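Morning, everyone. I have one model to walk through, and I'll keep it brief. Please have a look at it first.

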Amino acid sequence: MAVSAIILDPQNEFEQLFTIPVAGQRSFETYWLPAIESIHTEWIINIQYGIDLTKTEADCFIHELDVLLSWVDEHIKDDVREQMLSRIHLLQTNLPKAFQREDAIVFIG
């Protein structure tokens with residue numbers, strides 16, 4: 001199982017194809033989850049169970065990604081670090097694009 005972001009109840013082709021890969025299950029459990037638990041966030045911590053985000057909540061989530069990015073940059077080494085930083089940047093860049101409809105809901109988990 002992999003962790004990714006998708007739009008729930010897609011209304012058009014863009015929304016049907018929208019996906020942001022976050023991590024494979026093993027990578028998530030080994031690296032992502034300990035990092036997320038270390039920074040004590042309100043929103044990001046919930047991706048371990050799956051979280052639905054509105055546009056407003058996504059803004060808070062993206063803000064927390066800055067904190068996660070800094071933590072990963074400081075504490076993770078080598079290829080794992082680069083992979084995580086790349087996926088965090090991908091989320092920061094592409095998550096806002098999911099909200100072309102004001103009532104869109106993005107599931108991350």
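Start with Asp78, which lies in helix H4. This is a predicted model, so keep that in mind. Asp78 is not a glycine, yet its phi is positive, about 55 degrees. Why flag that? Because most residues other than glycine have a negative phi. Is Asp78 buried or exposed? Asp78 is exposed, with a relative accessible area of 63%. The cut-off for exposed is over 50%.

There is a second case. His40 also isn't glycine, and its phi is positive, near 50 degrees. Where is His40 found? In the loop between H2 and S3. His40 is exposed, at a relative accessible area of 68%.

Now the sheet. It is open, with four strands. What is the strand order? Read it as S2-S1-S4-S3, with antiparallel pairing. Strand S2, residues 19-24, and strand S3, residues 51-53, stand at the edges. Each has a single partner strand, so one side of each lacks a neighbour in the sheet. From one strand to the next, the twist averages 20 degrees.

Look at the S3 edge. S3 and strand S4, residues 105-108, run antiparallel and are joined by three bridges. Which residue in S4 is the bridge partner of Ile51? That is Ile108.

Next, the helices on the sheet. Helix H4, residues 78-94, packs on the sheet and touches S1 and S2. The direction of H4 makes about 155 degrees with that of S2. Helix H2, residues 25-39, lies across S2 and strand S1, residues 2-8. H2 runs at about 65 degrees to S2.

That's the tour. Thanks.

Note on methods. Residues are numbered from 1 along each chain as its sequence is written. This is a predicted model: local features need pLDDT of at least 70, side-chain atom pairs count only at pLDDT 80 or more; totals for chains, interfaces and linings use all residues. Side-chain values use heavy atoms; hydrogens and water are left out. Two strands pair if DSSP finds at least two bridges between them. Helices (H or I, at least four residues) and strands (E, at least two) are DSSP runs, numbered from the N terminus. Axes are lines fitted to C-alpha atoms, for helices over the stretch in contact, and angles run from 0 to 180 degrees between N-to-C directions. Contact means heavy atoms within 4.5 Å. Buried means under 20% relative accessible area, exposed over 50%, partly exposed in between (1.4 Å probe, protein chains only).
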